[in-house]
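The following dialogue introduces the reading of helices in a structural model. The learner asks, and the teacher replies.

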Amino acid sequence: MADVNLAVNLGGLVMKNPVTTASGTFAAGHEYDQFYNIARLGAVTTKGVSLNGWAGNDSPRIAETPSGMLNSIGLQNPGVAHLIEHDLAWLEGKGVPVIVNVSGHSFEEYVAVIEALEDAKVDAYEINISCPNVDAGGMTMGCHVPSVEAVVARCRAVTKRPMIVKLTPNVTDITEIARAAEASGADAISLINTLLGMAVDAKRRAPKLARVVGGLSGPAVKPVALRMVWQCYNAVDIPILGMGGICTGEDAVEFMLCGATAVAVGTANFMNPLAVPEVVDGILAYCEEQGVSDVNELIGALEC
């Protein structure tokens with residue numbers, strides 16, 4: 001068959017294929033570039049960055065679980081100035097679009113991070129609204145519609161770059177949050193972030209994580225992620241970046257059939273450093289096998 005078009009448009013971010021990396025699982029790509037040319041990817045999504053460095057949580061902060069893992073890293077990062085000087089400068093020569101994941105503990109911090117990045121080589125922002133809002137007693141911003149509206153609107157006011165808002169799944173109605181993000185200026189949404197969970201060491205009668213509760217990711221969360229992508233596809237008009245347990249090209253296709261325009265590979269990177277290019281190859285193989293000439297034909301094509 002003729003060549004398959006794999007290019008997609010994620011809210012103004014043009015990607016040569018629909019695959020990026022999930023924030024926090026790929027850093028900026030330095031390590032993975034030793035295994036393959038990261039220019040093969042549709043985009044690289046950096047680890048979450050805050051205005052100043054965050055130390056992260058106490059150890060232990062990783063625990064393996066059936067078909068997944070728990071993490072309680074606490075968004076450890078050296079701050080936006082370090083990201084610009086070291087990571088973005090390195091990525092600039094790699095020929096791949098860059099999505100910077102933006103984190104903050106207050107509305108003002110999100111804005112300050114974006115303002116600091118506006119003169120840097122950044123192609124899009126992913127606004128992580130799963131952070132606790134210190135001004136609201138530690139409530140997770142993405143769980144509260146007024147907080148979602150406030151942080152997204154304030155970020156929108158300081159940038160014209162494509163802005164993807166990353167949603168937390170730890171809410172009663174994900175579509176309510178998706179609609180709030182869309183109405184406040186999001187160009188796209190990404191979901192899902194990790195699910196709250198915990199692991200117990202029965203012999204020690206103690207939790208396996210220092211902070212007891214962490215974020216569950218990996219294949220175990222895929223059915224929940226697919227459901228939420230499908231719900232949001234039917235609730236909003238902006239594109240969706242789907243993620244949660246994607247390990248193969250077929251996994252990625254399932255997300256696209258449920259409504260995702262693009263996908264992100266996360267925990268699979270820890271199991272297989274070649275996971276992301278293998279997902280790209282798997283999507284292409286699926287399209288060739290199924291006679292699909294344009295990958296965009298898959299978006300929302302679920303028959304139900």
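A: We begin with two terms: a residue is buried under 20% relative accessible area, exposed over 50% and partly exposed in between, with a 1.4 Å probe and protein chains only. Helices (H or I, at least four residues) and strands (E, at least two) are DSSP runs, numbered from the N terminus. This is a predicted model, in which local features need pLDDT of at least 70, side-chain atom pairs count only at pLDDT 80 or more, and totals for chains, interfaces and linings use all residues. Residues are numbered from 1 along each chain as its sequence is written, and side-chain values use heavy atoms, with hydrogens and water left out.

Q: Why is helix 6 described as largely enclosed by the rest of the structure?

A: Helix 6 spans residues 249–257, and 7 of its 9 residues are buried, so the rest of the structure largely encloses it. The buried residues are G249, D251, A252, V253, F255, M256 and L257.

Q: What covers the buried residues of helix 6?

A: Contact means heavy atoms within 4.5 Å. The cover includes helix 5 (222–233), strand 19 (240–243), strand 20 (262–265) and helix 8 (275–290). Just after helix 6, G259 takes a positive phi of about 130 degrees.

Q: Which residues make the contact between helix 1 and helix 2?

A: Axes are lines fitted to C-alpha atoms, for helices over the stretch in contact, and angles run from 0 to 180 degrees between N-to-C directions. Helix 1 (residues 80–91) and helix 2 (residues 107–117) pack at about 35 degrees, their axes 10 Å apart. Helix 1 contributes V80, L83, I84 and L88 to the contact, and helix 2 contributes V113, A116 and L117.
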